[in-house]
Amino acid sequence: MPDAEPDPGPHPGHGPDPDPAAGAREYRTEELARAAGITVRTLRFYRERKLLPPPRREGRLAWYNDRHLARLRTITALLDRGHTLTGIAELAEAFDHGRGVGELLGLGTPTEEIPVRLTPEELADRFAGQDTAENLAKALELGYLGTDGQEIVHVSRRLLDASSALVHRGVPLAEVLEAGHRVRAHTDALAELFTDMVGRYAPDEDPESLRPLAKTIVEAELSLALDRRTASGPTEPGQATGS
């Protein structure tokens, strides 16, 4: 359906009654294109490529909101970084179908980890442009990332900082995520070991009061394991590490 342009008369720069769920301000097609610094033709092209969520319809008028504007600015930024429209479309689909921040954090904010809010541009900078749809889907699957409107939420600042540091030192993001997947299996088993042990032998203790002891044991054992690995020299790719 066409967008009924040019504008049919003066207006105050926003829709008559913005949808509360859509954002505080709404834009007609020409207004949105102007705010995003693109042409109406480009806007329509992006919409046809499904890079934008559908606008709200009011008769023949299409109403966009600030989330559409944020998406357009993100598209421009990603194009400037060398992403293709096909890649951007895959990223947009991953964002749109990612887990919401409420689902990511479960019943509440993690007791120690600090979530981080990122724009797609900031995510691209963090991971040296390796924020492909495949990598993003893996991060969503692991529960590292969730979505909140046009923002991305990483569940842990410490994990985000360490992961991006590895990527900037030359480790591919896909390998970092695979390592995270393998570490998750081990840490889940360790958490089960400690909680079961406390439940059996110290059922009256607050589990949170014993958390630092569990972390100290795991950190010390990992430190010793790294010492042993360093002393024995590097392992060739694919070589068995032993039991």
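Ser163 is in contact with Phe127 and Val176, once its neighbours within four places in sequence are left aside. Ser163 sits in helix 8, which covers residues 157–168. Its relative accessibility is 13%, so Ser163 counts as buried. This is a predicted model.

**Confidence and make-up**

The chain has a mean pLDDT of 79. Of its residues, 77% reach 70 or more. One stretch needs care. Over residues 1–23, pLDDT stays under 50. The model has 46 contacts beyond four places in sequence for residues 1–23. Where pLDDT is low, the predicted coordinates should not be read in detail.

The secondary structure comes to ten helices and six strands. The chain has 243 residues, and 33% of them count as buried. Among contacts in the chain with a separation of 6 or more, 69% join residues 24 or more positions apart.

**The largest cavity**

Phe127, a contact of Ser163, also appears in a cavity lining. Rolling a probe the size of a water molecule over the atoms shows where empty space is left. The structure holds four cavities of 30 Å³ or more. The largest has a volume of about 130 Å³. How many residues line the largest cavity? There are 14 of them. Phe127, Ala139, Leu145, Leu173 and Leu177 lie nearest its centre. Helix 7 (133–142) supplies at least two residues of this lining, and so does helix 9 (173–201). By type, the lining residues divide into nine nonpolar, four polar and one charged.

**The nonpolar core**

Leu145 belongs to the lining of the largest cavity and to the largest nonpolar core. In soluble globular proteins, nonpolar side chains tend to be buried together. The largest nonpolar core here has 35 residues. Leu32, Ile38, Leu43, Leu72, Leu123 and Leu145 touch the most other members.

Take Leu32 in more detail. Leaving out residues up to four places away in sequence, Leu32 touches Tyr27, Leu43, Tyr64, Asn65, His68, Leu69 and Leu72. Leu43 and Leu72 are themselves among the core residues that touch the most other members.

**Helix 1 and its cover**

Leu32 is one of the buried residues of helix 1 (residues 29–36). The others are Thr29, Glu31, Ala33 and Ala36. What covers these buried residues of helix 1? The cover includes strand 1 (26–27), helix 2, strand 3 (61–65) and helix 3 (66–80). Gly37 follows helix 1, and its phi is positive, near 75°.

Strand 3 holds Ala62. Is Ala62 buried or exposed? With a relative accessibility of 1%, Ala62 counts as buried, because buried means under 20%.

**Helix 2 and the loop after it**

Tyr46 is found in helix 2. Its relative accessible area is 7%, so Tyr46 is buried. Setting aside residues up to four places away in sequence, Tyr46 touches Ile38, Leu51, Leu52, Leu72, Ile75, Leu79 and Leu85. Two of these contacts, Ile38 and Leu72, appear again in the list of core residues that touch the most other members.

Lys50 lies in the loop between helix 2 (40–48) and strand 2 (56–58). Phi of Lys50 is near 65°, a positive value in a residue other than glycine. Lys50 has a relative accessible area of 67% and is therefore exposed.

**Pairs across the sequence**

Tyr46 and Ala62 return here, along with Glu90. Glu90 lies in helix 4 (residues 85–97). Its relative accessible area is 41%, which means Glu90 is partly exposed. The table gives a C-alpha distance for each of three pairs.

| Pair | Apart in sequence | C-alpha to C-alpha |
|---|---|---|
| Ala62 and Arg28 | 34 residues | 6.2 Å |
| Glu90 and Thr132 | 42 residues | 8.0 Å |
| Tyr46 and Ile75 | 29 residues | 9.2 Å |

Ile75 is also on the contact list of Tyr46.

Key
Residues numbered from 1 in each chain as written. Predicted model: local features only at pLDDT ≥ 70, side-chain atom pairs only at ≥ 80, totals over all residues. Heavy atoms only, no water. 1 Å grid on protein atoms, 1.4 Å probe; cavity = no way out; pocket = protein on both sides within 12 Å on 5 of 7 lines; lining within 4 Å. Points joined across faces, edges and corners; volume = space filled by probe spheres on them. Helix = DSSP H or I, 4+ residues; strand = E, 2+ residues; numbered from the N terminus. Nonpolar A, V, L, I, M, F, W, Y, C, P; charged D, E, K, R; others polar. Core = buried A, V, L, I, M, F, W, Y, C linked by side-chain atoms within 4.5 Å. Buried < 20%, exposed > 50% of the residue type's maximum accessible area, 1.4 Å probe, protein only. Contact = heavy atoms within 4.5 Å. pLDDT = per-residue confidence, 0-100.
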